[in-house]
Amino acid sequence: MGRVISTHIQQLHQSKSKRLAVLIDPDKSGMEYLHRIAEIVNKSGIEFIFFGGSLLTKYELDDHIKMLRTLTDAKIILFPGSTLQVTPEADALLFLSLISGRNPELLIGQHVIAAPLIKQFDLETLATGYMLVDGGRPTTASYISGSLPLPADKPDIAACTAMAGEMLGLNQIYLDAGSGAMNPVSPEIIRAVRQSIDLPIIVGGGIKSVEQAVNAAKAGADIVVVGNAAEKDPQLLEDIALNVHAIPSHTQA
Ligand code: 1GP
């Protein structure tokens with residue numbers, strides 16, 4: 001099992017180089033959307049496409065990934081809502097442990113079920129401490145995971161949770177307000193986590209503007225994820241990528 005992508009993300013973190021990742025929800029993406037997104041991904045130097053969602057109402061995952069491969073060299077990283085979304089077609093998989101929750105199935109249960117297949121597929125796994133943070137209203141992620149998100153105004157709990165994740169040997173932390181969140185994860189929470197751990201941090205959920213994306217990156221996110229806003233306005237991706245990729249290291253937390 002290679003470590004190409006996790007090594008690259010680690011290098012980005014060490015060099016304080018910020019990246020935008022686009023999240024494609026396989027349930028919402030038709031072929032036309034994939035073409036449009038790939039065009040923007042190529043034009044704006046987006047390196048990562050996250051692929052997955054909380055629900056899958058039709059199985060087109062493999063076809064969509066194969067199509068994307070013909071359109072772009074960006075790395076396709078599975079962001080699986082369940083073990084049904086594990087496929088050998090991708091470059092890597094976020095192996096998510098929901099450390100903000102107390103649902104054993106999402107801390108270790110589903111991992112045991114998926115592990116032999118992932119090994120057979122020889123899919124790179126990115127061991128990720130996944131932390132849902134309250135984004136102002138319940139999201140599909142909080143409902144489906146049956147877990148309480150971290151309170152948005154408790155940076156100390158977020159910091160301690162991330163520290164525990166680092167001590168457990170996880171390779172990165174994903175702070176997520178959930179897809180379509182009303183409020184993104186606040187810079188205060190991101191900063192508190194950044195100051196507590198030395199791991200790459202991914203931040204997403206409810207980011208709808210250049211300013212919110214730049215603030216997340218300046219507060220300490222290494223990779224900022226945008227999904228919903230790109231579906232509504234694909235052009236916004238290019239503007240966000242341009243600004244996030246240009247953040248100089250001395251302006252960051
Ligand atoms: C959700 O972090 C991702 O898990 C992205 O969220 O769709 O709200 O951008 P959005």
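**View 1. The closed barrel of eight strands.** In this predicted model, eight strands form a closed barrel in the order 1-2-3-4-5-6-7-8, with parallel pairing (two strands pair if DSSP finds at least two bridges between them). Strands (E, at least two residues) and helices (H or I, at least four) are DSSP runs numbered from the N terminus. Neighbouring strands of this sheet are turned by 30° against each other on average, direction ignored; axes are lines fitted to C-alpha atoms, for helices over the stretch in contact, and other angles run from 0 to 180 degrees between N-to-C directions. Residues are numbered from 1 along each chain as its sequence is written. Local features need pLDDT of at least 70, side-chain atom pairs count only at pLDDT 80 or more, totals for chains, interfaces and linings use all residues, and side-chain values use heavy atoms, with hydrogens and water left out.

**View 2. Strands 3 and 4 with helix 4.** Strand 3 (residues 75-78) pairs with strand 4 (residues 92-98) in the parallel sense over two bridges. L78 stands opposite L93 in strand 4. Helix 4 (residues 104-121) lies across strand 4 and strand 5 (124-132), at about 155° to strand 4.

**View 3. The ligand and its surroundings.** Among the 13 residues around the ligand (a heavy atom within 4 Å), D176, S179, G180, G206 and G227 come nearest. Polar contacts are pairs of N or O atoms within 3.5 Å. An oxygen atom of the ligand lies 2.9 Å from a side-chain N or O atom of Y174, and a ligand oxygen is 2.7 Å from a backbone N or O atom of G180.

Notes: Polar contact = N/O pair within 3.5 Å; in protein donor to acceptor, adjacent residues only side chain to side chain. Contact = heavy atoms within 4.5 Å.
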